[in-house]
Amino acid sequence: MNKNIITGMLLSMVFLFSCTDDLNRFPTNGTSNDIQYSDINGYKQSLITIYATMAYNDFLRNYWNMQELTTDEAVSTWDDNGILSYHIFNWTADNVAMGRVYTTLMYNITLCNNFIIESSDDNLAKRGFSGSDSETIKQYVAEARYMRAYFYWILMDLYGNPPFATETSLAAGEVPKQIKRADLFNYIETEL
């Protein structure tokens with residue numbers, strides 16, 4: 001074939017099938033915080049998500065492996081995502097299972113903080129909650145605060161001093177910073 005014909009075909013293909021406005025996409029999920037938290041069921045679903053991520057992300061299994069396979073209490077011969085490295089005391093920061101635990105904990109703290117922010121007195125009043133629904137949501141907030149403290153406790157135990165954020169620091173626009181382990185311990189103690 002002639003080089004001109006091949007070049008012409010290639011240029012035609014580029015111009016005919018090039019990018020268009022099809023790449024200007026918006027998220028298809030139209031659920032915003034105002035929609036999610038418009039009724040009591042939305043609050044309940046969001047609280048359930050905090051618990052569910054512990055099961056669906058293999059958090060509990062990976063956390064157990066980190067705690068038990070590094071002792072004489074359990075033995076594993078599997079090398080699923082670096083599990084064997086725990087047993088032979090050869091784990092590194094690149095361990096996939098360790099990364100999953102850390103990521104799940106940080107994600108869950110984010111979920112807790114968002115839940116607490118969306119449950120503020122101002123947001124409840126703006127959305128028209130009062131009476132028993134408001135009291136139920138306040139009970140949910142207590143659960144979210146407990147879970148956040150629990151997640152921070154695990155992070156402190158496993159990683160020392162993780163990035164620290166609360167609903168107050170996030171509302172002030174602060175970027176999460178590491179705090180001293182003793183300060184994190186005191187925070188956890190006051191939350192519980």
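**Entry 1: α4 against α6**

I began in this predicted model with helix α4 (residues 59–68) and helix α6 (residues 96–118), whose axes come within 9 Å and cross at roughly 125 degrees. At that angle the two helices are neither roughly perpendicular nor roughly antiparallel, since those classes take 65 to 115 degrees and over 145 degrees, and α4 and α6 are therefore oblique to each other. I noted the hand as well: α4 passes α6 in a left-handed crossing. On the α4 side I listed F59, N62, Y63 and M66 as the residues in contact, and on the α6 side A97, M98, R100, V101, T104 and L105. Sorted by class, this contact of α4 with α6 comes to seven nonpolar, two polar and one charged residues.

**Entry 2: α4 against α8**

I then looked up α4 with α8, where the axes come within 12 Å and cross at roughly 35 degrees. This crossing of α4 and α8 is also recorded as left-handed. From α4 I found F59, Y63, M66 and Q67 taking part, and from α8 Y150, W153, I154, D157, L158 and Y159. The class count for the contact of α4 with α8 is eight nonpolar, one polar and one charged residues. Reading the two lists together, I see that F59, Y63 and M66 of α4 appear in the contact with α6 and again in the contact with α8.

**Entry 3: salt bridges**

How many salt bridges does the structure hold? I found eight, and I followed three of them through the chain.

The side chains of D34 and K126 meet at 3.7 Å, N to O. D34 belongs to helix α2 (residues 33–36) and K126 to helix α7 (residues 121–126), so this pair ties together parts that are 92 residues apart in sequence. D34 is partly exposed, with a relative accessible area of 46%, whereas K126 counts as exposed at 56% relative accessibility.

For K138 and D121 I read 3.7 Å between the closest N and O atoms of the salt bridge. K138 sits in helix α8 (residues 131–159) and D121 in helix α7, 17 residues apart, and the pair links distant parts of the chain. K138 is partly exposed, with a relative accessible area of 39%, while D121 counts as exposed at 53% relative accessibility.

The third pair is R145 with E191, whose side chains meet in a salt bridge at 2.5 Å, N to O. R145 lies in helix α8 and E191 in helix α10 (residues 181–191), so here the parts tied together are 46 residues apart in sequence. I checked both for exposure: R145 counts as partly exposed at 34% relative accessibility, and E191 counts as buried at 16%, because the cut-off for buried is under 20% relative accessible area.

Returning to D34 and K126, I noted that these two residues, together with E118 and R127, are linked in a network of salt bridges.

**Entry 4: I117**

Where is I117 placed? I located I117 in helix α6, and at 28% relative accessibility I117 counts as partly exposed. Leaving aside neighbours within four places in sequence, I found I117 in contact with N123, E167 and L170. I also looked up I117 with A171: the two are 54 residues apart in sequence, and their C-alpha atoms are 8.1 Å apart in space.

**Entry 5: F89**

I stopped at F89 for its backbone, as its phi is near 55 degrees, a positive value in a residue other than glycine. Most residues other than glycine have a negative phi. F89 lies in the loop between α5 (83–87) and α6, and at 51% relative accessibility F89 counts as exposed.

**Entry 6: the whole protein**

I left the overall picture until last. The protein has ten helices and two strands, and from the N terminus on I read the order of the elements as α-α-α-α-α-α-α-α-β-α-β-α. Of the 192 residues in the protein, buried residues make up 32%. Among contacts between residues at least 6 apart in sequence, 61% join residues at least 24 apart.

How values were computed. Residues numbered from 1 in each chain as written. Predicted model: local features only at pLDDT ≥ 70, side-chain atom pairs only at ≥ 80, totals over all residues. Heavy atoms only, no water. Axes fitted to C-alpha atoms, helices over the stretch in contact; angles between N-to-C directions. Helix = DSSP H or I, 4+ residues; strand = E, 2+ residues; numbered from the N terminus. Parallel < 35°, antiparallel > 145°, perpendicular 65-115°, else oblique. Left-handed = near helix turned anticlockwise from the far one by under 90°. Contact = heavy atoms within 4.5 Å. Nonpolar A, V, L, I, M, F, W, Y, C, P; charged D, E, K, R; others polar. Salt bridge = Lys/Arg side-chain N within 4 Å of Asp/Glu carboxyl O. Buried < 20%, exposed > 50% of the residue type's maximum accessible area, 1.4 Å probe, protein only.
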